[in-house]
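User: Could you take me through this structure step by step, explaining how each answer is reached?

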Amino acid sequence: MPSTASTPGTATAILAAAGVKEDVSYYGSFLDEREKLVLTVPIRIQDAWLHNDADAFARVFTDNGSLLMQDHQLRGRDEIHAYMAAGFAGGLRGASVKGWPLSVTFLRDDVAALVTEGGIRLPGETETARERQIRAVWVVVRQGEDWRLVSHQSSPIYG
């Protein structure tokens, strides 16, 4: 029997293909393989932030993906990429995001909605400051063996 790392269609395989180290603690209580598959989306986004990699960030989205970042509504992978590239070169340089899943809901076999909690950490921070803590809603879809982000919206927890 092949190892999990080489089995196509597993969370481990999706993360390995993206060059992302799997942190199994991220899954929390969501240990069903289908849940883990959809959770590869926020894991890949966190990794892109960690490396300030706008290319990797944008690749997680579908071509027509949507990102609401603060008061900026970004539409399409190219617009998302341009915004994040400018951010990582400017005010977000060295920043990262950290979070964890609160819920995973399958709307269909190939569509899921996630709710996560976390936020942006500035360079040198090991915890997320209260004013940057958010909850986010993610809509993800299966495309072949992979899962992609269609829509992401976050809201501050504390005003």
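**Contacts, strands and turns**

Analyst: Once neighbours within four places in sequence are set aside, Arg135 is in contact with Leu102, Thr116, Glu117, Gln153, Ser154, Ser155 and Ile157. Please keep in mind throughout that this is a predicted model.

User: In which strand does Arg135 lie, and is Arg135 buried, partly exposed or exposed?

Analyst: Arg135 belongs to the strand that covers residues 133-143, which is S5. A residue counts as buried under 20% relative accessible area and as exposed over 50%. The relative accessibility of Arg135 is 41%, and therefore Arg135, in strand S5, counts as partly exposed.

User: How far apart are the C-alpha atoms of Arg135 and Glu35?

Analyst: Along the chain, Arg135 and Glu35 are 100 residues apart. In space, the separation between the C-alpha atoms of Arg135 and Glu35 is 19 Å.

User: Which pattern do the helices and strands follow along the sequence?

Analyst: The protein chain contains four helices and six strands. Writing α for a helix and β for a strand, and reading along the sequence, the pattern is α-α-α-β-β-α-β-β-β-β.

User: What radius of gyration does the protein chain have, and how does that agree with a compact globule?

Analyst: The C-alpha trace spans about 45 × 30 × 30 Å along its principal axes, and 45% of the 159 residues count as buried. For a compact globule of 159 residues the radius of gyration would be near 15 Å, and the protein chain agrees with this because its own value is 15 Å.

User: Among contacts between residues at least 6 apart in sequence, what percentage join residues at least 24 apart?

Analyst: This value concerns the contacts in the protein chain between residues that are at least 6 apart in sequence. Of these contacts, the part that joins residues at least 24 apart is 47%.

User: Is S1 largely enclosed or exposed, and which strands does S1 pair with?

Analyst: Seven of the nine residues of S1 are buried, so this strand is largely enclosed by the rest of the structure. S1 runs parallel to strand S6 (residues 146-156), with four bridges joining them, and in this pairing Ser66 has Ser151 as its bridge partner. S1 is also joined by four bridges to S2, in the antiparallel sense, with Leu68 and Gln73 as bridge partners. The strands that pair with S1 therefore include one that is parallel and one that is antiparallel, namely S6 and S2.

User: What is unusual about phi at Gln70, and what is its value?

Analyst: Most residues other than glycine have a negative phi. Gln70 lies in the loop between strand S1 (61-69) and strand S2 (72-75), where the hairpin has two residues between the strands, and at 62% relative accessibility Gln70 counts as exposed. Gln70 is not a glycine, yet its phi is positive, near 55°.

User: Which loop holds Asn52, and what is the phi of Asn52?

Analyst: Asn52 is found in the loop between helix H2 (33-50) and helix H3 (54-59). With a relative accessible area of 21%, Asn52 is partly exposed. Although Asn52 is not a glycine, its phi is positive, at about 45°.

User: How many bridges pair S3 with S4, and how are the two strands joined?

Analyst: Strand S3 (residues 96-108) and strand S4 (residues 111-121) pair in the antiparallel sense, and the hairpin that joins them passes through two residues. One of the bridge pairs is Gly99 with Gly118. The pairing of S3 with S4 extends over 11 bridges.

User: Is Gly118 buried or exposed, and how far is Gly118 from Gln133 in space?

Analyst: Gly118 lies in strand S4 and counts as buried, because its relative accessibility is 6%. Beyond residues up to four places away in sequence, Gly118 touches several others, including Trp100, Thr128 and Gln133. Gly118 and Gln133 are 15 residues apart in sequence, while their C-alpha to C-alpha distance is 5.5 Å.

User: Which residues is Val104 in contact with, leaving aside its neighbours within four places in sequence?

Analyst: Val104 lies in strand S3 and, at 14% relative accessibility, counts as buried. The C-alpha atoms of Val104 and Phe61, which are 43 residues apart along the chain, are separated by 18 Å. Leaving aside neighbours within four places in sequence, Val104 is in contact with Phe30, Glu35, Val38, Leu39, Ala113 and Leu114.

Definitions and conventions
Residues numbered from 1 in each chain as written. Predicted model: local features only at pLDDT ≥ 70, side-chain atom pairs only at ≥ 80, totals over all residues. Heavy atoms only, no water. Buried < 20%, exposed > 50% of the residue type's maximum accessible area, 1.4 Å probe, protein only. Pairing = 2+ DSSP bridges. Rg over C-alpha atoms; globule rule 2.2 N^0.38 Å. Contact = heavy atoms within 4.5 Å.
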